[in-house]
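Biologist: Could you take a close look at one part of this protein for me? I would love a connected walk through a single helix and the residues around it.

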Amino acid sequence: MVESQQHQQYIEHAVEAADAAILNAQEAEHELQGAITLADPVAIQRAQAKLGSAKRQVREAQGQIQSFDSQKYGQQLEQTIQQLHQAAQDLEVSEDKFHTPRQIR
C-alpha cells in the first residue's frame, strides 16, 4: 500500500512538472511573439533563450512521464502526454517561424 502511494506521488509530481513545462512553453512563445512585434533585438534574444529553456523542460517532462507504465496509468497520463507533445510541436514551430534576423546577431 505504501509503495502504491509513493508511486502515485511520483506520478503526481511528474504531472505537475509537465504542467509547469507546458505553461513555460506557452509563456516563452508569447514572449517571443511580443518581442518580434516590438522589433526589440534584446527582447528577441532573451525570448529565444527562454524558448530553448522551455524546449529542454518539455523534453525532460516527456521523459519523466513516459517512464511510467502507460498500461497501468494510461488514462491518467495520456492527456498530459498529448499536451506535452503539442507544446513541443508548438515550440518547434515558433522556433522555426521566428529566427533572429542576421543584422541583429
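Modeller: Happy to! A neighbour of our helix makes a good way in: S94 sits in helix 3, which covers residues 70-97. Keep in mind throughout that this is a predicted model. S94 is buried, with a relative accessible area of 4%. Leaving aside neighbours within four places in sequence, S94 is in contact with E29, L32 and L51. L51 is one of the buried residues of helix 2, and helix 2 is the part I would like to follow closely.

First, the setting. The protein has three helices and zero strands, giving the pattern α-α-α along the sequence. Of its 105 residues, 31% count as buried. Among contacts with a separation of 6 or more, 74% join residues 24 or more positions apart. The accessible surface comes to about 7,000 Å², and carbon and sulfur atoms hold 48% of that.

Now to helix 2 itself, residues 41-66. Its 26 residues reach 37 Å from the first C-alpha to the last, close to the 38 Å expected at 1.5 Å a residue. At the N-terminal end, D40 acts as the cap: a side-chain oxygen of D40 lies 3.1 Å from the backbone nitrogen of V42.

Further along, the buried residues of helix 2 include A43, I44, A47, L51, A54, K55, V58, A61, Q62 and I65. In general, an α-helix has 3.6 residues a turn, so residues three or four places apart point the same way.

K55 deserves a pause in that list. K55 belongs to helix 2 and has a relative accessible area of 13%; because the cut-off for buried is under 20%, K55 counts as buried. What does the side chain of K55 make a polar contact with? The partner is the side chain of E92, at 2.8 Å. Not counting residues up to four places away in sequence, K55 touches L91, E92 and E95.

Towards the other end of the helix we meet Q64, also placed in helix 2. Q64 has a relative accessible area of 35%, so it is classed as partly exposed, between the 20% and 50% cut-offs. Beyond residues up to four places away in sequence, Q64 touches A14 and A17. The C-alpha atoms of Q64 and A18 are separated by 8.6 Å, although these residues are 46 apart along the chain.

To draw the walk together: helix 2 has D40 as its N-terminal cap, buried K55 with its polar contact to E92, and partly exposed Q64 touching A14 and A17.

Key: Residues are numbered from 1 along each chain as its sequence is written. This is a predicted model: local features need pLDDT of at least 70, side-chain atom pairs count only at pLDDT 80 or more; totals for chains, interfaces and linings use all residues. Side-chain values use heavy atoms; hydrogens and water are left out. Helices (H or I, at least four residues) and strands (E, at least two) are DSSP runs, numbered from the N terminus. Buried means under 20% relative accessible area, exposed over 50%, partly exposed in between (1.4 Å probe, protein chains only). Contact means heavy atoms within 4.5 Å. Accessible areas come from the Shrake-Rupley method with a 1.4 Å probe; for residues, only the protein chains shown count as cover. The expected span of a helix is 1.5 Å times one less than its number of residues. A polar contact is a pair of N or O atoms within 3.5 Å; within protein, one must be able to donate a hydrogen and the other to accept it, and residues adjacent in sequence count only if both atoms are side-chain atoms.
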